[in-house]
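Colleague: Could you take a close look at one part of this model for me? I'd like to hear about the place where the two domains meet.

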Amino acid sequence: MSTQDDEAGRLIAAVRRQLRRQLDGPWLDASYACGAAGQLLCLAALDHREAPEAALASGWVEEMVMRVLEPLPRYPQGLFQGAQGMLFAALELDQRYQLGVVEEAASEADELLLDHLRAKPEPSDQHFDVISGLAGLLVYAAYRERQGSCLPLVAACVERLQASAEIRAGDAGEEFFWFTPPAWIRGFPMGDAHPTGCADLGLAHGQAGVLAALAYALARGHSGQAPGRRLLEGALSHLRRHESPQGHWHFGAAAEAPGPTRCAWCYGDLGTAAALQLAAAALDRPALDVWAQRLLQSLGQRPILGLGFVDAWLCHGSLGSAWLLHQLAPDQALLVHRFEQFHPLAGETGLLAQFLAQPEAANLSLLEGYAGLALVLEERRRGALALPWCLPFLAGRRALRVQGQPAPVS
């Protein structure tokens with residue numbers, strides 16, 4: 001085993017110990033992105049790599065899953081920060097450990113979600129993004145449909161996305177896009193840059209995320225096909241119109257301000273390539289794969305400091321970007337290695353030393369912390385984990401891999 005693998009193993013083991021201690025204590029957050037649902041999913045995903053005597057006890061996992069479900073009614077509808085992300089984690093854990101305690105709560109929550117979607121509030125009251133809006137709900141709906149749910153959640157999500165879309169005539173037909181009003185981004189950097197609102201282009205909060213969610217639902221499900229395909233085609237047309245014709249970058253953060261942005265899952269060419277790869281699979285259109293590869297190849301032409309890495313995390317960090325690039329283009333090993341070297345594990349200021357210095361103060365979230373880092377390091381060492389912890393990230397064709405058996409749905 002290499003020194004790098006050894007350092008990664010030490011960090012993963014330390015994160016696992018701290019996750020267990022934190023989950024045994026009081027919870028301030030139970031969400032998938034930043035809280036206990038994501039942390040528990042991380043611990044379980046790493047668990048199958050351990051020796052049987054070190055594995056998590058199913059009784060303890062069941063207790064934690066019930067703790068995830070208990071505050072469910074107090075959380076908003078949403079994938080990364082709301083009820084659907086918590087349910088996704090709970091359902092996967094329930095299936096993995098054969099607990100049989102989640103489906104009833106999930107079915108009741110799905111009924112409430114359908115009522116919420118059918119209520120049709122003003123479009124300005126419902127975010128459209130992957131993190132907390134309709135695109136993320138569509139991913140969850142397609143996931144539940146694959147498990148056997150007969151509720152028309154996919155169709156309801158697609159209908160709401162269509163109702164909230166802006167439509168314009170383009171050279172290649174109609175274009176669909178989703179406008180971010182100023183109230184949603186006030187006080188954030190995007191709001192400072194666009195005080196009157198914008199057409200966000202990112203995967204986390206913008207057009208690429210809606211595109212990826214539509215593609216995932218089309219590739220995975222059987223309902224909402226015709227309207228979903230129409231929206232996806234129109235979203236692709238809008239995205240194509242805002243691609244930069246020059247430079248080593250293709251997409252800015254917003255349509256209103258073309259310019260280079262960071263290399264990340266959440267914004268920029270890397271996340272957009274993941275969405276295009278999903279669209280290629282959903283529409284059986286190889287030209288979209290070629291487009292995605294063109295974006296990824298351009299990343300290798302940027303100076304390392306021009307990639308915008310300020311941390312190592314999954315959302316917009318160096319190791320998170322290395323993991324996503326490896327999912328999208330396994331042949332880009334040299335570029336993956338460049339990303340990984342930006343925040344080394346070893347050394348006095350490395351990630352391992354930082355964590356060991358104050359593990360109780362470390363951020364253990366999945367999206368922007370050490371839980372997500374432990375997952376990508378383990379996958380880099382020994383291959384993809386069996387538990388589909390990363391489905392909400394829509395990491396290209398990785399999101400379409402068959403994992404486990406559909407759960408029985410009443």
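Modeller: Starting with who touches whom, 31 residues of domain 1 are in contact with 30 residues of domain 2. Keep in mind that this is a predicted model. As for which stretches those are, domain 1 is pieced together from 1-119, 309-315 and 343-396, while domain 2 is 127-307. Going by C-alpha atoms, their centres sit 25 Å apart.

Now the area. People often describe how big an interface is by the accessible area lost when the parts come together. Here domain 1 and domain 2 bury about 2700 Å² between them, and carbon and sulfur atoms give 69% of that. Three residues are worth finding on your screen: Leu117, Phe309 and Leu394 supply 27% of what domain 1 buries against domain 2, more than any other three residues.

There's polar chemistry across the boundary too. The two domains have 2 salt bridges between them, and the rule picks out 10 residue pairs in polar contact across the interface, both partners at pLDDT 80 or more. On the domain 1 side, helix H4 (83-96) and helix H5 (103-119) each supply at least two of the residues touching domain 2. H5 gives the most, with 10 residues. Sorted by type, the domain 1 residues on that side come out as 18 nonpolar, 8 polar and 5 charged.

One salt bridge to zoom in on is Arg144 with Glu103: their side chains meet at 2.8 Å, N to O. Arg144 falls in the 127-307 stretch of domain 2, and Glu103 in the 1-119 piece of domain 1.

Conventions. Residues are numbered from 1 along each chain as its sequence is written. This is a predicted model: local features need pLDDT of at least 70, side-chain atom pairs count only at pLDDT 80 or more; totals for chains, interfaces and linings use all residues. Side-chain values use heavy atoms; hydrogens and water are left out. Domain bounds come from an automatic or database domain assignment. Contact means heavy atoms within 4.5 Å. Buried area is the accessible area (1.4 Å probe) that two parts lose on being put together, summed over both. A salt bridge is a side-chain nitrogen of Lys or Arg within 4 Å of a carboxyl oxygen of Asp or Glu. A polar contact is a pair of N or O atoms within 3.5 Å; within protein, one must be able to donate a hydrogen and the other to accept it, and residues adjacent in sequence count only if both atoms are side-chain atoms. Helices (H or I, at least four residues) and strands (E, at least two) are DSSP runs, numbered from the N terminus. Ala, Val, Leu, Ile, Met, Phe, Trp, Tyr, Cys and Pro count as nonpolar, Asp, Glu, Lys and Arg as charged, and the others, Gly among them, as polar.
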